[in-house]
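Reader: I would like a close look at the aromatic pairing in this model, followed outward into the contacts, charges and links around it. Please keep the reasoning explicit.

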Amino acid sequence: MSTASRTAPAVLAAALLLTACGSESTSSGGEGGEGGGGPVRAEALCPSDFARYGGPSSEPSFRPSGTPTALPLPSVNGVAEEGVKITALYAWGRKSGCAGVDNSADFELTNQQKETATYTLTFGFLSASGGAVDNTEQTVEAVGPGRTVKGTVVVGERVGDAPEVTGVKVIKVRSVPQAEASSASGTCPKSGMHLYADEGDAAMGLRAVGLHLVNCGTRPVRLNGYPRLAIQDEDHRPVDGVRILQGTDQISTGLGGDSGPQPVVLRPGEAAVAGLAWRNTTQSGEAVNAPYVRVWAAPAADPVMVVPELDLGTTGKLGVGPWRKDETLRDSAGGTAATRP
C-alpha cells in the first residue's frame, strides 16, 4: 500500500498576492487596515532590505512609504479563523531579482483554548493562478492559553519551471494539549514511554496506521491487551456512534492485528506496536472525519493524543490491534540505532 494522502477540509483560505520585488500591488477601493474588509497594500522585500526594514522573523516589514506588508484577512473580532493569520509573504521569483532565496511567510497564532497546546500548522504556497506550488508543516510547541506567538514558515526556492509563489494560505490547523503531546524521540516523558502514530498507509479505501510505544525509561514496561482509545473531532469534542473493535480482522485481514493479545515486556530501549485500521466507505448517512485519538497504552497510563486523521466514511467502525513486540524499532537508549517513520 502506498503512503496515505488524506485531504482535510481547508480551515482558512485567504491568500496574499504579491508583485515583484520593490513594486506595490493595491486592490481597488478605499483604505483598509489589518483584519478589515478594505484593501491593504502588499509588497515583497528582497533579502538586502531585511537589515533596514525587518524580515520574516521580525515584525511585519515597512517600506519607506510607511506601507506595511499586511494582509486583509476574513477575521472574527480581529482574530483570524482558527486563531491563525498570515501577516506577510516574502516571495522570490524571476521578476523580483531575488532568485535563489527561499519563499517564506510570517504568521501569528493565538491559542483560543483553555490549556497550553502544541500546534501543527499546514501552509500552502500558491501560484498566481491559485494552484498549489508546495505545502509545508510548521510545529509550534507549548503555546499558553490566550497567548499569541509569531513565527515564520519557509518553503524551498523555485526549481526549474515551477510556478512563482505569489500567495499563501493556511490549509489545516491541528492542536493537542501539551500535557498529552505525542513524541517519537527527544526528552523522555515522565511516563518513561514515547508514544506516537506513524504516517500510515492507504489503498482502495483501506487505512492502516501504527501506534508505536518505545520504552525510554529505566524500568521494564509490561503490556497485555489493546490500547484504549477515545475519538475526537476537529473541535476536540467526543465522537459518538463509532464502534472501536478489538482486532483489525473485521476491517481487513493480514494487517497484523488478528491474533489475540499476548504478554509483552519492553526492556529499556525496546518498542511495541499496535495497529489502527478502518475504511472510508461512504454510503447513506453522514461521513465521520475525526482528526484526533486519545490513547491509553495501558489501564493505568496517562493519555497521549495522536492525529491519525480518521476519515471513517459512514462505516462507524475503527479496529485496533493488540500490542506486540516491534523488533524493527529500538530507542537509542537501548544501545541500538532507532529506525523511525
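Author: In this predicted model, the structure holds one aromatic pair. The rings of phenylalanine 107 and phenylalanine 123 have their centres 5.1 Å apart and their planes at 40 degrees, so the pair is tilted; the reasoning rests on the cut-offs, since planes under 30 degrees apart would count as stacked and planes over 60 as edge-to-face. The pair links distant parts of the chain, with phenylalanine 107 in strand S5 and phenylalanine 123 in strand S6 (residues 117–126), 16 residues apart. Both rings sit in covered positions, for phenylalanine 107 is buried and phenylalanine 123 is buried as well.

Strand S5 also holds a charged residue, glutamate 108. Glutamate 108 has a relative accessible area of 17% and is therefore buried, given that the term applies under 20%. Leaving aside residues up to four places away in sequence, glutamate 108 touches Gly83, Val84, Lys85, Thr87, Thr148, Val149 and Lys150. With one of these, lysine 85, the side chain of glutamate 108 meets in a salt bridge, at 3.9 Å from N to O. Lysine 85 lies in strand S4 (residues 84–90) and glutamate 108 in strand S5 (residues 103–110), so the pair ties together parts that are 23 residues apart in sequence. Lysine 85 is buried, just as glutamate 108 is. The distance of 3.9 Å falls within the 4 Å that the definition of a salt bridge allows.

This salt bridge can be set beside others, for a search of the whole structure finds 10 of them. In general, side chains of opposite charge can pair when their charged atoms come close. Arginine 267 and glutamate 270 have side chains that meet at 2.8 Å, N to O, in another salt bridge, and here glutamate 270 is buried, at 4% relative accessibility. The side chains of arginine 237 and aspartate 235 likewise form a salt bridge, at 3.3 Å from N to O, but arginine 237 is partly exposed, with a relative accessible area of 48%. Beyond such pairs, a network of salt bridges links Lys172, Arg174, Glu234 and Glu309.

A charge also meets an aromatic ring in this model: arginine 228 lies over the face of tryptophan 296, at 3.9 Å from the ring centre.

Between aspartate 235 and arginine 237, the partners of one salt bridge, stands histidine 236, a residue with a positive phi of about 65 degrees although it is not a glycine. Histidine 236 is placed in the loop between strand S14 (228–232) and strand S15 (243–246), and at 22% relative accessibility it counts as partly exposed. Alanine 142 is another residue other than glycine with a positive phi, near 50 degrees, but alanine 142 is found in a strand, S7 (residues 132–143). Its relative accessibility of 34% makes alanine 142 partly exposed.

A covalent link comes next, and the count of disulfides comes to one. Cysteine 188 and cysteine 216 form it, with their sulfur atoms 2.0 Å apart. The torsion about the S-S bond is about 75 degrees, so the disulfide of cysteine 188 and cysteine 216 is right-handed. Cysteine 188 lies in the loop between strand S9 (167–177) and strand S10 (193–197), and cysteine 216 in the loop between strand S12 (206–215) and strand S13 (221–223), so the pair ties together parts that are 28 residues apart in sequence. The two ends are covered to unlike degrees: cysteine 188 is partly exposed at 29% relative accessibility, whereas cysteine 216 is buried at 12%.

Strand S12 also contains valine 214, which is buried at 0% relative accessibility. From C-alpha to C-alpha, valine 214 and leucine 195 are 6.5 Å apart in space, and they are 19 residues apart in sequence.

The whole chain gives these local details their setting. The secondary structure of the protein comes to one helix and 23 strands. Among contacts with a separation of 6 or more, 70% are between residues 24 or more positions apart. Of the 341 residues, 47% count as buried, and the accessible surface comes to about 16,600 Å², with 48% of it belonging to carbon and sulfur atoms.

Methods:
Residues numbered from 1 in each chain as written. Predicted model: local features only at pLDDT ≥ 70, side-chain atom pairs only at ≥ 80, totals over all residues. Heavy atoms only, no water. Helix = DSSP H or I, 4+ residues; strand = E, 2+ residues; numbered from the N terminus. Buried < 20%, exposed > 50% of the residue type's maximum accessible area, 1.4 Å probe, protein only. Contact = heavy atoms within 4.5 Å. Disulfide = S-S within 2.5 Å. Areas by Shrake-Rupley, 256 points an atom, 1.4 Å probe, with all protein chains shown as cover. Phe/Tyr/Trp six-rings, centres within 6.5 Å; stacked < 30°, edge-to-face > 60°. Lys NZ or Arg CZ within 6 Å of the ring centre and 35° of its normal.
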